[in-house]
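Please take a moment with the sequence and the structure below, and keep both in view while you read.

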Amino acid sequence: MAANRRPTLADVAREVGVSAKTVSRVLNEDGPASPETREQVLAAVAKLGFQPNLMARNIRVGGPDTTVGLVIPDLGNPFFGAVARSIEDTVRDRGLTLLMGSSADEPDRERALTDKFLARRVSILLVVPSVGADHSHLKTHRATGLPVVFLDRPGVGLAADSVVSSNRTGSHDGVAHLIAHGHRRIGFVGDLPVKLYTRRERLTGYREALDRAGLPYDRSLVTNAHDQQGASAATSQLLSLADPPTALFAGNNIVALGIVAELARSRRKDVAVVSFDDVPLAEALEPALTVVAQDPEEIGRTAATTALSRLDGDRTRARTITVPTRLIVRGSGERPAPELQRA
């Protein structure tokens, strides 16, 4: 066998001196084989480093693969990394392996990934939906028993389980916290695109907090960004207004990093900041960053256990499960409004 070629079933058969069918029977445990033959086959498999093609076998016999497919928007976002780790920890106990791919928040790329996962007959499909994606193409698969669970955002065109954060309540709590410290001009820097479910929910929470406090909604204080550079530029734009905000609410952790970087560059220590979603090393910033923390581990665990219950035969109606957020006070959100500092 050539050194640069992966060993095949035929190579194992040749090593033992039996037929490929005999090797297949031993590995799949679907036919008679003597203990001696079994021992020889397994020894040859170990010696040659042979890996059975489980996907091909499962397609042949009509069974599901022992894998879970997960589609997320961004492999580099710590939030989705934590969600994926939690999913993997949960499904591993059931002998399932997690396969993951990034959609880059593009519907076509999401569809291509889900099609690939479906082609290999994954046991479970988990998807963070892209803006503009239509999931009606999954109806047949779900109807035939495939567990489909949406994470972070609900799907479109398919009645399936969803696991989301309490986006609206969390945003309300973060903005109300700034209001409680005397701020009346509070900027909102949200994610893009503007139709993104989490962005819409968090903006609604922002508006509800203002309304409850009797404060007007000012469109000039609302802007958007999808990366750190964009968030820095949006922060600069807000602070250059004739009547600038004295506090900023970041719509997610990536936006928060851009806001903090811009405030540091401009040496602005008088602007309060609260971020939706925690940030790595948030406690190391000066001041430490106050956040509305999501629970990505619980989101991943809940999505995985929900899917596993469906795999075990749960046929109840699709449901949306909301995972609570919590306000973590660290310093940046407790800076009082300037007029209170002068009092």
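The paragraphs that follow go through some helix contacts, one further helix and two single residues.

It should be said at the outset that this is a predicted model. A pair of packed helices is described by two quantities, namely the angle between their axes and the distance between those axes. Taking α1 (residues 9-16) and α3 (residues 35-48) in this way, we find that their axes come within 9 Å and cross at roughly 120°, which means that α1 is oblique to α3. The crossing of these two helices, α1 and α3, is right-handed. On the side of α1 the contact is made by Asp-11, Val-12, Glu-15 and Val-16, while α3 contributes Gln-40, Val-41, Ala-44, Val-45, Lys-47 and Leu-48. Sorted by character, the residues in this contact of α1 with α3 comprise six nonpolar, one polar and three charged.

Helix α3 also meets α2 (residues 20-28), and here the axes come within 10 Å and cross at roughly 90°, so α2 is roughly perpendicular to α3. The residues that make this contact are Thr-22, Val-23, Val-26 and Leu-27 of α2, together with Thr-37, Arg-38, Val-41, Leu-42 and Val-45 of α3. In the contact of α2 with α3 there are six nonpolar residues, two polar ones and one charged.

Further along the chain is helix α8 (residues 167-180), whose 14 residues, at 1.5 Å a residue, should span 20 Å, and the end C-alpha atoms agree with this because they are 20 Å apart. Several residues of α8 are buried, among them Asn-167, His-172, Val-175 and Leu-178. Just after α8 comes Gly-182, which takes a positive phi of about 95°.

Two single residues can now be considered in turn. Thr-67 lies in strand β1 (residues 67-72), and because its relative accessibility is 5%, Thr-67 counts as buried. If neighbours within four places in sequence are left aside, Thr-67 is in contact with Leu-96, Thr-97, Leu-99, Arg-120, Val-122, Ser-123 and Ile-124.

Ala-225, by contrast, lies in the loop between β7 (222-224) and α10 (228-239), and with a relative accessible area of 3% Ala-225 is buried. Again leaving aside neighbours within four places in sequence, the residues in contact with Ala-225 are Val-189, Gly-190, Asp-191, Leu-192, Gly-230, Ala-231 and Val-255. Finally, the C-alpha atoms of Ala-225 and Leu-9 are separated by 53 Å, and these two residues are 216 residues apart along the chain.

Technical notes: Residues numbered from 1 in each chain as written. Predicted model: local features only at pLDDT ≥ 70, side-chain atom pairs only at ≥ 80, totals over all residues. Heavy atoms only, no water. Axes fitted to C-alpha atoms, helices over the stretch in contact; angles between N-to-C directions. Helix = DSSP H or I, 4+ residues; strand = E, 2+ residues; numbered from the N terminus. Parallel < 35°, antiparallel > 145°, perpendicular 65-115°, else oblique. Left-handed = near helix turned anticlockwise from the far one by under 90°. Contact = heavy atoms within 4.5 Å. Nonpolar A, V, L, I, M, F, W, Y, C, P; charged D, E, K, R; others polar. Expected span 1.5 Å × (residues − 1). Buried < 20%, exposed > 50% of the residue type's maximum accessible area, 1.4 Å probe, protein only.
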